[in-house]
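This report describes one protein model for a reader who has not met it before. Please look over the sequence and structure first.

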Amino acid sequence: MSKQIMADNNQGFVNSILKEDPHYFERLKEGQSPEYFVIACSDSRVSPSIVANMPLGSMFVHRNIANQVTDDDASLNASLYYALKHLKVKKIVIKGHTSCGGITAACSGNNEKELKSWISKIKKGLPETCNLSEQEHSRQNILQQIENLKSHPVYKKYGEGIEVIGCLFHVETGKLERIN
């Protein structure tokens, strides 16, 4: 995407919002109080706010390959802490998706040096043998990440009473399925 296309698309975005609500960005500047903290995959096809049709400010989002929850991920730890302690989110969503490249890489034995460490984290959340469907592997991964979150030190300290929701986005249909 060229800089001009990005600038034109952004201007269209701004114009569309201001047409509906001339004071929208003024209110957005006042701060955020999102209801949701979303842990989602980095995949470019599955942007959490877009697929849930949620307005800016409603989701605080952390993204990584295959929506992993590990206590050795400093970025996730900081995001989770900030979401719980400062933003006081009411729900945490673990959102995976079908056709996930991270899941495929973990099941196919991808051994690229730059990805190896992360793929090993993904493999830990999948069954020993990758004989399930790709969609079922994505479901299993989400369920495992929910368990990882519930045992995460930051969640255990600050997340009492916060609902945890698992969702699977179906790339092939655009539907978001709750799985827990």
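The text below covers a pocket, two buried residues and a set of salt bridges.

The model is predicted, so local features need pLDDT of at least 70 and side-chain atom pairs count only at pLDDT 80 or more, while totals for chains, interfaces and linings use all residues. Residues are numbered from 1 along each chain as its sequence is written, and side-chain values use heavy atoms, with hydrogens and water left out.

**The largest pocket**

The largest pocket holds about 280 Å³ of space. A pocket here is an open set of points on a 1 Å grid over the protein atoms alone, where a 1.4 Å probe fits, with protein on both sides within 12 Å along at least five of seven lines; lining residues have an atom within 4 Å of a point. Grid points are joined across faces, edges and corners, and the volume is the space filled by probe spheres set on the points.

The lining consists of Phe-13, Ile-17, Glu-20, Asp-21, Tyr-24, Ser-47, Ser-49, Ile-50, Asn-53, Met-54, Pro-55 and Leu-56. Helix H1 (3–20) and helix H3 (48–51) are the elements that give two or more residues to this lining. H1 supplies the largest share, three residues. Helices (H or I, at least four residues) and strands (E, at least two) are DSSP runs, numbered from the N terminus. By class, the lining has seven nonpolar, three polar and two charged residues. In this count Ala, Val, Leu, Ile, Met, Phe, Trp, Tyr, Cys and Pro are nonpolar, Asp, Glu, Lys and Arg are charged, and the others, Gly among them, are polar.

**Two buried residues**

Gln-145 lies in helix H7 (residues 134–150). Its relative accessibility is 0%, so Gln-145 counts as buried; buried means under 20% relative accessible area, exposed over 50% and partly exposed in between (1.4 Å probe, protein chains only). Leaving aside residues up to four places away in sequence, Gln-145 touches Asn-67, Gln-68, Val-69 and Ile-94, where contact means heavy atoms within 4.5 Å.

Phe-60 belongs to strand E2 (residues 59–64) and is buried, with a relative accessible area of 18%. Among the residues that Phe-60 touches are Gln-32, Pro-34, Phe-37, Tyr-82 and Leu-87. Phe-37 is 23 residues from Phe-60 along the chain, and their C-alpha atoms are separated by 4.8 Å.

**Salt bridges**

A search of the whole structure finds seven salt bridges. Each is a side-chain nitrogen of Lys or Arg within 4 Å of a carboxyl oxygen of Asp or Glu. Three of them are listed here.

| Pair | Closest N to O |
|---|---|
| Arg-27 and Asp-21 | 2.2 Å |
| Arg-139 and Glu-136 | 3.7 Å |
| Arg-139 and Glu-177 | 2.8 Å |

Glu-177 lies in strand E5 (residues 176–178) and Arg-139 in helix H7, so their pair ties together parts that are 38 residues apart in sequence. Arg-139 and Glu-136, in contrast, both lie in helix H7, three residues apart, about one turn of the helix. Glu-136, Arg-139 and Glu-177 are linked in a network of salt bridges.

Within this network, Arg-139 is buried at 18% relative accessibility. Glu-136 is partly exposed at 25%, and Glu-177 is partly exposed at 24%. Outside helix H7, Asp-21 is part of the pocket lining, and its partner Arg-27 is partly exposed at 42% relative accessibility.
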